Amino acid sequence: MLPVKRALRYLAALVLAAAVATVPAATAHASDVPSSGWNDYGCRPSAAHPRPVVLVHGTFGNSVDNWLSLAPYLEHRGYCVFSLDYGQLPGVPLFHGLGPIDKSAGQLSAFVDKVLTATGAAKVDLVGHSQGGMMPRYYLKFLGGAAKVNALVGLAPDNHGTTLSGLTKLLPYFPGAEDLLKATTPGLADQITGSDFLTRLNEGGDTVPGVHYTVIATKYDEVATPWRSQYLTGSDVRNVLLQDLCPVDLSEHLAIGLFDRVAFHEVANALDPPHATATSCASVFD
């Protein structure tokens, strides 16, 4: 039998490897973000799109790589688009979203204030992938974000935690494993189904008044599992399954946020409901 410490290290490495395996290699730095429309603090929202869009990356993501497709997609449609890095760990470049999620929500709060000040807008819309679709709910619920946010659109958000396709169920068999995750990568530990963070986040209801919520999920999700746990319950919630829009869409957890234009079309609909058009497989050509 493996010594306990070695077993704990093995399990932690297994969880990290599973997560990293779902994330593409980082290809750019924040300084490489285009200066026109995307993180352009001189951008002024138009009458047609009066709210800036803030993009919130997922675990192991960053402000550039997660949005190489969606940011230009929205900018082309006339939005002022911004993205931030959050949840950084000391000595870990490019792979973010690993710090305590409540602290990450504080970083989002500061970034939204910065965008509102620069653009002169009254509110923003938030679009997040994976943890980036769930973490803003803490900002909305506990940090005063509801007064500054019109809509939250989540692409494969782990709103009620994840079993990581059952991998997290192994944790009880390795005493101390969850404590090790909390100590080394608290942002991962916070996302495990039943964590203290998620219990507090979802206590008393999934949503807060005044914010429009959209969840876009895929039944092929292998990270935010089970996929139905991504859905929210509330009076102003729209839960969408990608395969109901395009039955042949095979996108999994990463693809839905990185390059799926069917999902992107539904994001655009959520940002501008009065001008929404039907989303279908043909939306890939839109």
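L140 touches G145, A146, V149, L152, V208, V211 and Y213, leaving out residues up to four places away in sequence. L140 is also among the residues with the most contacts inside the largest nonpolar core, which has 32 residues. The model is predicted. Its largest pocket has a volume of about 220 Å³. Some backbone angles also deserve a look, at L94, at A156 and at the peptide bond from T225 to P226.

**Nonpolar cores**

- Besides L140, the residues with the most contacts inside the largest core are V54, L108, V124, L126 and Y139.
- Strands β1 (53–56), β2, β3 (124–129), β4 and β5 each supply at least two residues of this core.
- Helices α3, α5 (136–142) and α8 (196–202) each do so too.
- The most comes from α3, with seven residues.
- A second core is separate and has 28 residues. V53, W67, A263 and V267 are included in this second core.

**Helix α3**

- α3 has 19 residues. From first C-alpha to last, α3 reaches 27 Å, close to the 27 Å expected at 1.5 Å a residue.
- The buried residues of α3 are I101, S104, A105, L108, S109, F111, V112, V115, L116 and T119.
- L108, one of these buried residues, is also among those with the most contacts inside the largest core.
- G120 comes just after α3 and takes a positive phi of about 80°.

**Largest pocket**

- The lining of the largest pocket has 16 residues. H212, T214, N269, A270 and P273 lie nearest the centre of the pocket.
- Four elements give two or more residues to this lining: β4 (149–155), β5 (212–217), β6 (237–241) and α11 (261–271).
- β4 gives the most, with four residues.
- By type, the lining divides into eight nonpolar, four polar and four charged residues.
- β4 and β5 each give two or more residues to the pocket lining, and each supplies at least two residues of the largest core.

**Backbone exceptions**

- Most residues other than glycine have a negative phi, and most peptide bonds are trans.
- L94 is not a glycine, yet has a positive phi of about 70°. L94 lies in the loop between β2 (81–84) and α3 (101–119).
- L94 counts as partly exposed because its relative accessibility is 23%.
- A156 is not a glycine either, and has a positive phi of about 50°. The place of A156 is the loop between β4 and α6 (177–184).
- The peptide bond from T225 to P226 is cis, with omega near -15°. P226 sits in the loop between β5 and β6.

**Surroundings of A156**

- A156 has a relative accessible area of 0%, so A156 counts as buried.
- Leaving aside neighbours within four places in sequence, A156 is in contact with H129, S130, I216, D221, A224, Q230, H253 and I256.
- A156 and Q230 are 74 residues apart in sequence. In space, the two are 6.6 Å apart, C-alpha to C-alpha.
- Two of these contacts lie on strands: H129 falls in β3 (124–129), and I216 falls in β5 (212–217).

Notes
Residues numbered from 1 in each chain as written. Predicted model: local features only at pLDDT ≥ 70, side-chain atom pairs only at ≥ 80, totals over all residues. Heavy atoms only, no water. 1 Å grid on protein atoms, 1.4 Å probe; cavity = no way out; pocket = protein on both sides within 12 Å on 5 of 7 lines; lining within 4 Å. Points joined across faces, edges and corners; volume = space filled by probe spheres on them. Nonpolar A, V, L, I, M, F, W, Y, C, P; charged D, E, K, R; others polar. Buried < 20%, exposed > 50% of the residue type's maximum accessible area, 1.4 Å probe, protein only. Contact = heavy atoms within 4.5 Å. Expected span 1.5 Å × (residues − 1). Core = buried A, V, L, I, M, F, W, Y, C linked by side-chain atoms within 4.5 Å.
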